[in-house]
Amino acid sequence: TQRRQQQRLLARAEQATAERATEFDWDSLGFGLTHVGSTMWMATCSAEDGQWSKGELQPYGPLPMFPSAQALNYGQAVFEGMKAQRSAKDRIVLFRPDANAGRMAEGAARLSMIPPPPELFVEAVTQTVAANADFVPPQGKGSLYLRPLLVGSGPILGLGPAPSYTLVVYCASVGSYFKGGQLTPIDLLVETRFHRSAPGGMGGTKCAGNYSPVLVTQLAAKKEGYSDVVYLDAKTDTYLEEVSSCNIFAVKGKTIRTPPLQGTILPGVTRRSIIELARSRGYTVEEVPVPVEEAMQADELFTTGTAVVVSPVGSLTYKGGRRQYAEDGQPGSVALELYDQLTGLQQERYPDPFGWVVPV
Ligand code: COI
């Protein structure tokens, strides 16, 4: 009967979804929880046998957890960000879901968690998108942001890994991440007091714990009118690492440089894709340390991430000096080109020679 009740709830939520989605004003979308998918997907795994349940859809709602849940006390939590989009081929597609599955598994290993098998991860996001199809905005109006979340949900008191894990996928319709619209250049401040991560630490992991320590600097910078902050490396305070929520690239002529993956920055799926795309378009892309002074002299800077897509940087402020990349407030031409190529590929307006696009 519990199962039947759950199915009834699900059917009701789906009906409500269809009604609400048709009335929704897609032009009002920012990046937030204004239009949350009504259905989420959930599976559990006991550490005793390490076996994941097959998972199921259910109405979006609170997770049942004890206050002693490992994740709430000791932070076993990793997440992913992905987008489903309505494509020019009149279907809904995902972008490189296998890459997100792999990254979640790597993060889980670092935090001694039991990751879902990649096939289960992909099945989970696919089912979530299919169940929330009405929440996928019309083409060009945004996307359905998916948030797969793996938490040590089981209770524990002494420090140790959780006795059980939950994988949940929820979603929301989203538009532009930064205020001002997708290609409005952002103003970045180089953070000189705090570091985001250190060699041997957790910086290369998409763990929940990496995203709260950045708030103190981000909120202060926002108060001063900046869009976000850029972190420098903890060892020398010289090289760019990343922005709170995205990776960073510097352009000089036909050469594009971006910080290398040495465990201190997030191995972004968009980062990886932009490197390949740029190379395929004749740019030289170097994954090398990028001194902040070099970035100040670059022709243009841009950031990448699932949420931010490709965001041109309008200015970079470092120790009181401000470099304005475009006086006219226009995005840099390389950022514009790569944004167009990436989104064109993701929305099937352009061919996908890489095999990155996966229909739902
Ligand atoms: C994403 O780009 O998907 C992220 O997870 C970053 C987050 C801070 C919104």
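**Figure 1. Surroundings of Pro-267 in the predicted model.** Pro-267 has 17 other C-beta atoms within 10 Å and is therefore classed as partly exposed, in a structure that is a predicted model. The residue belongs to the loop that joins β12 to α6. Apart from residues up to four places away in sequence, Pro-267 touches Arg-103, Gly-204 and Leu-261. The C-alpha atoms of Pro-267 and Gly-305 are separated by 9.9 Å in space, while the two residues stand 38 residues apart in sequence. Gly-305 is itself one of the residues that surround the ligand.

**Figure 2. The β12-α6-β13 unit.** Strand β12, residues 255-258, pairs with strand β13, residues 284-287, in the parallel sense, and the pairing comprises 4 bridges. Within this pair, Arg-257 stands opposite Glu-286 of β13. From β12 the chain passes through helix α6, residues 269-280, and on to β13, giving a β-α-β crossover that is right-handed.

**Figure 3. Val-269 in helix α6.** Val-269 is located in helix α6. Because 23 C-beta neighbours lie inside 10 Å, and 20 or more suffice for the class, Val-269 counts as buried. Its contacts, leaving aside neighbours within four places in sequence, are Arg-96, Ala-99, Asn-100 and Thr-306. Of these contacts, Thr-306 also appears among the residues around the ligand. Ser-53, by comparison, is 216 residues from Val-269 in sequence and 27 Å from Val-269 in space, C-alpha to C-alpha.

**Figure 4. The ligand shell.** Gly-81, Tyr-211, Ser-245, Gly-305, Thr-306 and Ala-307 surround the ligand. By character, the shell consists of 2 nonpolar and 4 polar residues, with no charged residue.

**Figure 5. The largest nonpolar core and the contacts of Leu-301.** The largest nonpolar core contains 83 residues, and Leu-146, Leu-301 and Leu-338 have the most contacts inside it. Strand β7, residues 164-174, makes the greatest contribution to this core, with 8 residues. For Leu-301, the contacts beyond four places in sequence are Ile-248, Phe-249, Ala-250, Ala-295, Val-313, Leu-316 and Tyr-325.

**Figure 6. The β15-β16 hairpin.** Strands β15 (residues 309-318) and β16 (residues 321-324) pair in the antiparallel sense over 4 bridges. Ser-315 is placed opposite Gln-324 of β16. The two strands form a hairpin with 2 residues between them, and Lys-319 in the turn adopts a positive phi of about 45 degrees. Two contacts of Leu-301, Val-313 and Leu-316, lie in the residue range of β15, 309-318.

**Figure 7. Loop residues with positive phi.** Most residues other than glycine have a negative phi. Asp-237, although not a glycine, has a positive phi of about 60 degrees. This residue is situated in the loop between β9 (228-232) and β10 (240-243). Asp-237 has 11 other C-beta atoms within 10 Å and, because 12 or fewer define the class, is exposed. Glu-348 likewise has a positive phi, near 60 degrees. The loop that holds Glu-348 runs between α8 (333-346) and β17 (357-359). With 19 other C-beta atoms within 10 Å, Glu-348 is partly exposed, because the buried class requires 20 or more.

Definitions and conventions
Residues numbered from 1 in each chain as written. Predicted model: local features only at pLDDT ≥ 70, side-chain atom pairs only at ≥ 80, totals over all residues. Pairing = 2+ DSSP bridges. Right-handed = clockwise from strand over helix to strand, strands pointing away. Core = buried A, V, L, I, M, F, W, Y, C linked by C-beta atoms within 7 Å. Contact = placed C-beta atoms within 7 Å. Near = placed C-beta within 6 Å. Nonpolar A, V, L, I, M, F, W, Y, C, P; charged D, E, K, R; others polar.
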